[in-house]
Amino acid sequence: MQLEQFLESSACKYPDKLALVFEQQRLTYGEIERSCNRLAHALVDAGIERGDRVVICLPNCVEAVLAVFAALKASAVFVFVNHSTKADKLAYILNNSRAAALVTWDSKLKELPGTDDSIPYTRVIFGVGTAEVCSSECQRIGKPLTLVDAAVSAQGLDRPPQKKCIDIDLAALIYTSGSTGRPKGVMLSHLNMVSAATSITTYLENTADDVVVNVLPLSFDYGLYQVLMMFKVGGRVVLEPSFAYPFQVLKHLIEEGVTGLPLVPTVSALLLQLDLSKYRFPSLRYITNTAAALPTHHIKDLRRLFPEVKIYSMYGLTECKRVSYLPPEQIDARPTSVGRGMPNEEVYIVDDEGHRVGPGVVGELVIRGANVMKGYWELPEETARVLKPGPLPGENALHSGDLFRSDEEGYLYFVGRRDDIIKTRGEKVSPREVEDVIYGVDGVAEVAVIGIPDPVLGNAIKAVVSLRPGATVTQRDILGRCREKLEDFMVPKLVEFQAALPKTESGKISKRLIPAAEASA
Amino acid sequence: MEQLNGALRNFIVENFLFGQPFDFSDNESFLKKGIIDSTGVVELVSWVEERYGIRVEDEEIVPDNLDSINNLCRFIERKTCVVR
């Protein structure tokens, strides 16, 4: 089975059923299927072939959903990029993936550099928003433009283009922060994504009666899968631009009869700050959490606010989508556990020699299953570090890099990460990527970026900086540069200046010694 | 109106863009432009309350009131008018 068939089979079964709600727009499965088919034909007409990469850089909106399925229907590979990604990094991803097409909106086009052709592989741009702006910007950039609006309203071509993929072909590249500072593309086949969506909808017991509200960006696999999974079961997605306006989301939660609410700890922290006493959510059936562990007091508060609602504590990695979930009936007994492997997947813990360890022993978590990625795009060495031979000939098992222990009954407990990747607001941030930007500020001698515990963000990003003699760099200079170059969630919350950063014996900056140096300062 | 517009733009540029030159019109959504995120709205609301001496009710924390320079201007003018 291929991923776009989630939509196609629901459109066949429930053509008139409401599938997607976004602001004032309400679309049925039949309407979405038709629009995606038309957009897919426009991609094929623009020369997009089987396996070509199509980068989608859009905020949450109807066109973002259409673009994902249209790319799949055109036998292409979609690459969803966070809409706050700045021009330099977007160009890096376009070039690294050698994307043949870019789908983005008018104001992002304004940020792209001019005609020096910094994105040589990208042959065509699909624009969302004002026609005049898209057109003049594409002229400036020197690329042909197709307007998404025009493509989806073209009459005829309501049937999908001919299918050219098989299920072991790639469906998506999802770029994730790497410890080198450059994002790497996680290669996911149709089979990987169909398997993950099937396992998750199985344990969440999703049906066509479900209505899920999604406040998370579609660039984040947890957000993307809300759409994929609802389309799989024929349910409805209420797509929100973000959780910036919580009361608007709560209103939709009630009006749309939402049954599923996916959270990350930052959203749950914002939710729990609100006075919810005057609201009732009779339709709500389940809440899920992933990206980082839900603090125990959040679980208690959520249980008190939503006593009838099932709460699923989960853990995952982009490299295999989801690893584990805690059955809701276990949450009071094991609030700090992220549960066990999901259906049709095996997880176990190994020591440094790769031998499986028993309960209570800390080791690296390993994942086996059809959901495990095909590797990192054009990075064979990095791939070999995480995909290692599994028990069967030719099989690869995913070595997560995360340290876990299990209890006697096999429930998993997160212990820590092996690398220094920071999780903030549920997003992974490479300290190296932020440090590289700060080193670009004239006058900065040394910088170390670390994560410090924060009640809302999980971890807040902190930059500890030392300056060259005589330099007059301010906090504003550093944050301004970060704002210019980095996605919003990567911008440090705190900047601290120190005369010199603590070093290891070999003279390298020691992040481990930074808190100690602060305490004695 | 012009003065209010300038004060709002100044606050947004200083606090969310750290003074970076960033091209956005009075009509453009802060969220879609990636200027303000989920945690930023809380900050914006407390500043508006303090600066203009108004109370922003929970139900008023919606994009129609807060998500662009123009929306903010209209909202603050309406609220300060009521206070007077």
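A:Arg98 counts as partly exposed because 14 C-beta neighbours lie inside 10 Å; a residue is buried if 20 or more other C-beta atoms lie within 10 Å of its own, exposed if 12 or fewer, and partly exposed in between, with C-beta atoms placed from the backbone. This is a predicted model, in which local features need pLDDT of at least 70 and side-chain atom pairs count only at pLDDT 80 or more, while totals for chains, interfaces and linings use all residues. Residues are numbered from 1 along each chain as its sequence is written, and chains are lettered from A and ligands numbered from 1 in the order in which they are written.

A:Arg98 sits in the loop between helix 4 (87–96) and strand 5 (101–105) of chain A; helices (H or I, at least four residues) and strands (E, at least two) are DSSP runs, numbered from the N terminus. Most residues other than glycine have a negative phi. Phi of A:Arg98, however, is positive, near 50°. A positive phi of about 70° is also found at A:Lys321, again not a glycine. A:Lys321 belongs to the loop between strand 14 (310–315) and strand 15 (324–326) of chain A, and it counts as buried because it has 29 C-beta neighbours inside 10 Å.

On a broader scale, chain A is divided into domain 1 (5–14 + 27–189), domain 2 (243–417) and domain 3 (422–520), with bounds that come from an automatic or database domain assignment. Taken over C-alpha atoms, the centres of domain 1 and domain 3 of chain A are 34 Å apart. Each of these two domains of chain A gives 11 residues to their contact, where two residues are in contact if their C-beta atoms, placed from the backbone, lie within 7 Å. On the side of domain 1 of chain A that touches domain 3 of chain A, there are no nonpolar, nine polar and two charged residues. Here Ala, Val, Leu, Ile, Met, Phe, Trp, Tyr, Cys and Pro count as nonpolar, Asp, Glu, Lys and Arg as charged, and the others, Gly among them, as polar.

Turning to the two chains, 20 residues of chain A are in contact with 20 residues of chain B. Helix 5 (106–111), helix 10 (246–255) and helix 15 (475–485) of chain A each give two or more residues to the chain A side, and helix 15 of chain A provides the largest share, five residues. That side of chain A has nine nonpolar, six polar and five charged residues. The predictor gives the complex an ipTM of 0.85 and a pTM of 0.90.
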